[in-house]
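Biologist: Could you take me slowly through one part of this model, the nonpolar core and what surrounds it? I am new to reading structures, so please explain each step as you go.

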Amino acid sequence: MIEDLIGRWDGEEVVVRFDRPSGTWMFLCIHSTRLGPAAGGTRMKTYARPGDALRDALGLSAAMTLKLAAVDLPFGGGKAVLDVPGPIGGEDRRGLLLRYADLLRSLGGTYRTGPDVNTSPEDMDVIAERAPYVFCRTEAAGGSGDPGPHTARGVFHGIRSSIGYAFGSDDLHGRVILVQGVGDVGAPLAAYLAAAGARVLISDIAADRVTEVAARIGAEVVAPGEAMRTECDVYAPCALGGTLNEETIPGLRCRVVAGSANNQLAEPEDAERLRAAGILYAPDFLINAGGALYALGLEALGWTRERIEERHEGIGKTLVEIYRQADAEGIPTAAAAERLARSRLDQAA
Ligand code: PPY
């Protein structure tokens with residue numbers, strides 16, 4: 001299984017460690033350093049089998065390469081997955097993170113990390129005790145803090161531009177937008193959309209969270225099992241990836257798919273399935289680059305907040321260029337966005 005997974009992957013390096021004290025498999029995937037050191041978050045999650053964690057890390061690292069190239073950042077793509085046997089907190093979590101930090105330090109800066117699903121700026125503070133290659137520490141510790149709301153900002157601009165392209169006006173008043181997953185990115189996104197006048201529908205498997213967000217921003221709640229079949233203008237997947245597949249795409253009742261989740265397509269063919277269904281798809285690795293623009297811009301490139309907001313607006317502008325190219329050539333939007341990213345990678349070669 002491992003040889004198949006890594007054999008089919010086109011990245012540079014995989015580092016595997018089994019952490020005996022916690023029973024955690026660590027997979028650090030350095031997909032590309034062509035544009036600069038590999039950057040991407042560290043995900044903590046429990047998988048059925050370690051091979052599933054490796055598959056996730058390999059795919060997520062490749063998406064980081066496309067993301068950072070698509071928005072022209074001088075970084076390559078990487079991702080790490082910590083496949084924990086179950087929820088881990090307190091001193092056990094701290095011990096795991098410190099041992100992970102030792103491994104990260106041993107790579108000498110080839111891979112630089114940050115938060116992802118189930119890791120926080122506080123976790124980054126712990127890692128930074130032992131390794132210098134960490135973005136998004138807490139602001140109290142001198143880092144850029146939680147990138148989630150900034151990813152949401154980029155997605156917000158991306159949704160507005162996508163609506164403008166699909167409907168001829170980017171006014172959000174009266175537009176129905178379904179945000180699936182109201183966590184670290186989905187909740188601030190839903191708030192931005194509601195403030196701009198959209199009618200926001202939200203769903204989440206965590207009932208307490210969805211109730212709280214709905215009351216706070218004035219959104220309507222949709223049952224998790226209904227989300228993908230609900231009629232709306234925009235479906236915004238903001239939870240885990242893979243929701244767009246052969247089974248779900250025919251049931252979609254939206255004009256646009258534009259959300260923050262990484263690796264939304266279960267397989268590459270789903271890009272063509274969306275196109276054939278007349279659904280405008282905002283390529284995930286482009287629309288969700290706002291967190292990377294924020295963290296790397298602020299911490300590595302010395303950008304001001306104004307410059308970051310401009311780059312977040314730029315995500316929307318780039319999407320429209322991609323849509324025009326894809327329509328003119330009759331190709332999926334994901335193919336057009338990949339071509340943009342690959343042209344930057346080829347230039348650097
Ligand atoms: C992502 O966009 O999925 C990231 O992992 C963003 C990121 C990039 C670099 C450091 C931390 C997080």
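Modeller: The largest nonpolar core in this predicted model has 61 residues, and those with the most contacts inside it are I159, V179, L189, L193 and I202. If we take I159 and leave aside its neighbours within four places in sequence, we find it in contact with I177, L189, L193, V234, A236, A258 and I287. Apart from this core lies another one, of 24 residues, including M26, L28, L98 and L107.

Next comes the sheet, in which six strands are arranged in the order 9-8-7-10-11-12, forming an open sheet with parallel pairing. Strand 9 (220-221) and strand 12 (280-281) stand at its edges and have a single partner strand each, so one side of each is left without a neighbour in the sheet. At one of these edges, strand 8 (residues 199-203) is joined to strand 9 by two bridges, the two strands running parallel, and L201 stands opposite E220 in strand 9. As background, the strands of a sheet pair through backbone hydrogen bonds, and the pairing may be either parallel or antiparallel. Across strand 7 (176-180), strand 8 and strand 10 (234-237) lies helix 6 (residues 186-195), which runs at about 170 degrees to strand 7.

The aromatic side chains deserve a look as well, and a search of the whole structure finds five aromatic pairs. In one of them, the rings of W25 and F27 have their centres 6.1 Å apart and their planes at 5 degrees, so this pair is stacked. W25 is partly exposed, with a relative accessible area of 31%, whereas F27, with a relative accessible area of 2%, is buried. Another pair has a contrasting geometry: the ring centres of F75 and F135 are 6.2 Å apart while their planes are at 85 degrees, so the pair is edge-to-face. This pair links distant parts of the chain, 60 residues apart, with F75 in the loop between helix 2 (50-70) and strand 5 (76-83) and F135 in the loop between helix 4 (121-128) and helix 5 (148-167). F75 is buried, at a relative accessible area of 6%, and F135 counts as buried at 11% relative accessibility. Returning to W25 and F27, we can add that they form one aromatic cluster together with F18.

Charged side chains also meet aromatic rings here. R153 lies over the face of Y192, at 4.6 Å from the ring centre, and the charged end of R175 sits over the ring of F167, 3.8 Å from its centre.

Let us finish with helix 4 and the loops on either side of it. In helix 4, the residues P121, D123, M124, V126 and I127 are buried, and the buried residues of this helix pack against helix 3 (90-106). N118, in the loop between strand 6 (111-112) and helix 4, has a positive phi of about 70 degrees although it is not a glycine. C136, in the loop between helix 4 and helix 5, also has a positive phi, near 65 degrees, in a residue other than glycine. Their surroundings can be set side by side: N118 counts as exposed at 54% relative accessibility, while C136 is buried, with a relative accessible area of 3%.

Technical notes
Residues are numbered from 1 along each chain as its sequence is written. This is a predicted model: local features need pLDDT of at least 70, side-chain atom pairs count only at pLDDT 80 or more; totals for chains, interfaces and linings use all residues. Side-chain values use heavy atoms; hydrogens and water are left out. A nonpolar core is a set of buried Ala, Val, Leu, Ile, Met, Phe, Trp, Tyr and Cys residues joined through side-chain atoms within 4.5 Å. Buried means under 20% relative accessible area, exposed over 50%, partly exposed in between (1.4 Å probe, protein chains only). Contact means heavy atoms within 4.5 Å. Two strands pair if DSSP finds at least two bridges between them. Helices (H or I, at least four residues) and strands (E, at least two) are DSSP runs, numbered from the N terminus. Axes are lines fitted to C-alpha atoms, for helices over the stretch in contact, and angles run from 0 to 180 degrees between N-to-C directions. Rings of Phe, Tyr and Trp (its six-membered ring) pair if their centres lie within 6.5 Å; planes under 30 degrees apart count as stacked, over 60 as edge-to-face and the rest as tilted. A charge sits over a ring if NZ of Lys or CZ of Arg is within 6 Å of the ring centre and within 35 degrees of the ring normal.
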